[in-house]
Amino acid sequence: MALLSFSAAGAAAQIAYARGCSTFLPNWNGPVGKPALILIVGNGVHLRSNGIDGASTRIVTTERADPSFAFATGINPFRDPDWMVARQAAFRDLTGQFYTDILDDVQMLIDRGHDTIRLATDGHTIRVFLRRAADYLIGGTYDVPSGLGGTFRVILRDATDTHAIVQNRGNCEDFDEMLPYRVPLDALIEIDDRRAA
């Protein structure tokens with residue numbers, strides 16, 4: 001999974017633009033009748049409105065980007081010299097445009113005064129990620145998906161706004177002897193959290 005950070009002001013401008021339009025870009029299922037945000041992975045990674053106001057005939061593409069779009073931190077081709085490396089780290093070779101259903105969640109965070117909007121994506125889903133590193137307890141016990149179909153019980157050693165360093169604890173002896181490793185921050189599952197791994 002990848003965590004992407006966007007300026008709340010940039011996202012707010014795209015939402016305002018979408019809400020000011022009466023015509024919208026279609027998605028894979030056909031015409032769309034309401035404002036939305038589209039995540040573009042191509043020339044950088046950015047959020048843009050799905051609105052078409054008639055003043056421009058330009059349709060969204062992954063080949064070109066407009067500097068006014070809300071670019072992900074570190075993945076802006078107009079500012080970041082290593083944006084392509086960051087894009088590939090987050091999405092590998094995947095490019096394209098993804099209609100999202102996050103507009104209301106993003107607006108809620110903007111209304112609460114957040115200056116950064118973070119999205120969690122695994123290449124199939126895109127969701128607003130509400131928690132921050134400070135929300136997790138260093139030394140606390142969590143579960144993380146194992147990649148083997150279950151979860152590992154871990155101790156949190158360190159955390160940044162995107163990743164956590166964890167050490168297996170409370171599993172079988174072989175797994176508990178593994179060196180600490182890095183996982184996406186949103187992979188940490190509270191022990192009493194019943195979401196699917």
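**Note on side-chain contacts, strands and surface**

1. Met178 is partly exposed, at 33% relative accessibility. This residue sits in the loop that runs between α4 (173-176) and β13 (181-184). Together with Leu148 and Phe175, Met178 makes a nonpolar surface patch of about 280 Å². The model is a predicted one, and the points below should be read with that in mind.

2. The strand that follows this loop, β13, belongs to an open sheet of 5 strands, ordered β13-β12-β11-β10-β14, with antiparallel pairing. The edges are taken by β13 and β14 (189-190); each has a single partner strand, so one side of each is left without a neighbour in the sheet.

3. Within this sheet, β11 and strand β12 (residues 163-168) run antiparallel and are joined by 5 bridges. For orientation when looking at the model, Leu156 has Val166 as its bridge partner in β12.

4. A salt bridge also involves β11: the side chains of Arg153 and Asp143 meet at 2.5 Å, N to O. Arg153 is in strand β11 (residues 151-159) and Asp143 in strand β10 (residues 141-145), with the two positions 10 residues apart in sequence terms. The two ends differ in cover: Arg153 is partly exposed, at 31% relative accessibility, whereas Asp143 is buried, at 12%.

5. How many salt bridges does the model hold in total? The count comes to 2. Besides the Arg153 pair, Arg19 forms a salt bridge with Asp104, and here the closest N and O atoms are 3.7 Å apart. Because Arg19 lies in helix α1 (residues 8-19) and Asp104 in helix α3 (residues 103-111), this pair ties together parts that are 85 residues apart in sequence. Arg19 is partly exposed, with 44% relative accessibility, while Asp104 counts as exposed at 57%. The 3.7 Å separation falls inside the 4 Å cut-off used for a salt bridge.

6. The search for aromatic pairs across the whole structure returns 3. One of them is Phe71 with Phe78, an edge-to-face pair with 5.8 Å centre to centre and 75 degrees between the planes. Phe71 is buried, its relative accessible area being 9%. Phe78, by contrast, is partly exposed at 46% relative accessibility.

7. Another aromatic pair is formed by Tyr136 and Tyr142, which is also edge-to-face: the centres are 5.7 Å apart and the planes make 65 degrees. Is Tyr136 buried or exposed? Tyr136 is buried, with a relative accessible area of 7%. Tyr142 counts as buried too, at 3% relative accessibility.

8. Asp135 lies in the loop between β9 (126-128) and β10. At 42% relative accessibility, Asp135 is partly exposed. The C-alpha atoms of Asp135 and Ala159 are separated by 9.9 Å, with the two residues 24 residues apart along the chain.

9. What does the search for disulfides find? Over the whole structure the result is 0. As to cysteines, Cys21 is buried, at 10% relative accessibility, and Cys172 is partly exposed, at 40%.

10. Strand β1 (residues 2-7) is mostly covered, with 5 of its 6 residues buried. This strand pairs with strand β8 (residues 116-121) in the antiparallel sense, over 6 bridges. Among the residues concerned, Ser5 has Arg118 as its bridge partner in β8.

11. For a check in the viewer, two places bring several of these points together. In the open sheet, the order β13-β12-β11-β10-β14 can be followed alongside the salt bridge of Arg153 and Asp143 and the bridge partners Leu156 and Val166. Elsewhere, the contact between Arg19 and Asp104 can be viewed with its helices, α1 and α3.

Conventions:
Residues numbered from 1 in each chain as written. Predicted model: local features only at pLDDT ≥ 70, side-chain atom pairs only at ≥ 80, totals over all residues. Heavy atoms only, no water. Phe/Tyr/Trp six-rings, centres within 6.5 Å; stacked < 30°, edge-to-face > 60°. Buried < 20%, exposed > 50% of the residue type's maximum accessible area, 1.4 Å probe, protein only. Helix = DSSP H or I, 4+ residues; strand = E, 2+ residues; numbered from the N terminus. Disulfide = S-S within 2.5 Å. Pairing = 2+ DSSP bridges. Patch = residues over 30% accessible without salt bridge, like charges linked within 9 Å, V, L, I, M, F, W, Y side chains within 5 Å. Areas by Shrake-Rupley, 256 points an atom, 1.4 Å probe, with all protein chains shown as cover.
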